[in-house]
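Ready for a few short exercises? Have a look at the sequence and the model below, try each task yourself, and then compare your reasoning with the worked solution.

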Amino acid sequence: MSGNTSTSSTGGGGGGGSGPCGACKFLRRKCVAECIFAPYFDSEQGATHFAAVHKVFGASNVTKLLMSIPVNKRLDAVITICYEAQARLRDPVYGCVAQIFALQQQV
């Protein structure tokens, strides 16, 4: 699942000069220094990944979820949320379970 999120902590967040993070770019809002999405959704590819997350879960729900998770576990949560969102867009009924079924059939 590598490549879906950015692990850099300089992802826009206000004073970086690199522009808004992907989430703020998608939501068309100003990216502030304490933006919860900035470390995980970079300015280049982050907007496309966040679009899937926003469509499936909603930005507000993801914000609440990330706020309830310890900082050291948020990257894993974001990777998982992105994977599930993309799987739900491919298969709205089964989501990532469809991939599990497919792998079980191969074994």
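**Exercise 1. Decide whether A52 is buried, partly exposed or exposed, and then find its surroundings.**

*Solution.* Keep in mind that this is a predicted model.

Step 1. The relative accessibility of A52 is 6%. Buried means under 20%, so A52 counts as buried.

Step 2. Now place the residue in the fold: A52 belongs to helix 2, which covers residues 46-56.

Step 3. Next, look for partners beyond four places in sequence. With that neighbourhood set aside, A52 contacts A85, Q86 and L89.

Step 4. Finally, check the backbone. A52 and C82 are 30 residues apart along the chain, and their C-alpha atoms are separated by 7.3 Å.

**Exercise 2. Describe the largest nonpolar core: which of its residues touch the most other members?**

*Solution.* Step 1. The core has 22 residues, and those touching the most other members are C21, C35, F37, F41, V53 and L66.

Step 2. Sort the core by element: helix 1 (22-27), helix 2, helix 3 (59-67) and helix 4 each give two or more residues. Helix 4 supplies the largest share, with five residues.

Step 3. Zoom in on one of these residues, F41. Leaving out residues up to four places away in sequence, F41 touches C21, G22, A23, G46, H49, F50, V53, V78 and C82. Two residues in this list, C21 and V53, are also among those that touch the most other core members.

**Exercise 3. Locate Y94 and work out its exposure class and its role in a surface patch.**

*Solution.* Step 1. Y94 sits in the loop that links helix 4 (74-90) and helix 5 (96-106).

Step 2. Its relative accessibility is 45%. Buried is under 20% and exposed is over 50%, so Y94 counts as partly exposed.

Step 3. Y94 joins V93, V97, I100 and F101 in a nonpolar surface patch of about 470 Å².

**Exercise 4. Summarise the whole chain: how many helices and strands does it have, and what share of its residues is buried?**

*Solution.* Step 1. Count the elements: there are five helices and zero strands. Along the sequence this gives the pattern α-α-α-α-α.

Step 2. For burial, 36% of the 107 residues are buried.

Step 3. For the surface, the accessible area is about 6500 Å², and carbon and sulfur atoms account for 56% of that area.

Step 4. For contacts with a separation of 6 or more, 49% are between residues 24 or more positions apart.

Key:
Residues numbered from 1 in each chain as written. Predicted model: local features only at pLDDT ≥ 70, side-chain atom pairs only at ≥ 80, totals over all residues. Heavy atoms only, no water. Patch = residues over 30% accessible without salt bridge, like charges linked within 9 Å, V, L, I, M, F, W, Y side chains within 5 Å. Areas by Shrake-Rupley, 256 points an atom, 1.4 Å probe, with all protein chains shown as cover. Salt bridge = Lys/Arg side-chain N within 4 Å of Asp/Glu carboxyl O. Helix = DSSP H or I, 4+ residues; strand = E, 2+ residues; numbered from the N terminus. Buried < 20%, exposed > 50% of the residue type's maximum accessible area, 1.4 Å probe, protein only. Contact = heavy atoms within 4.5 Å. Core = buried A, V, L, I, M, F, W, Y, C linked by side-chain atoms within 4.5 Å.
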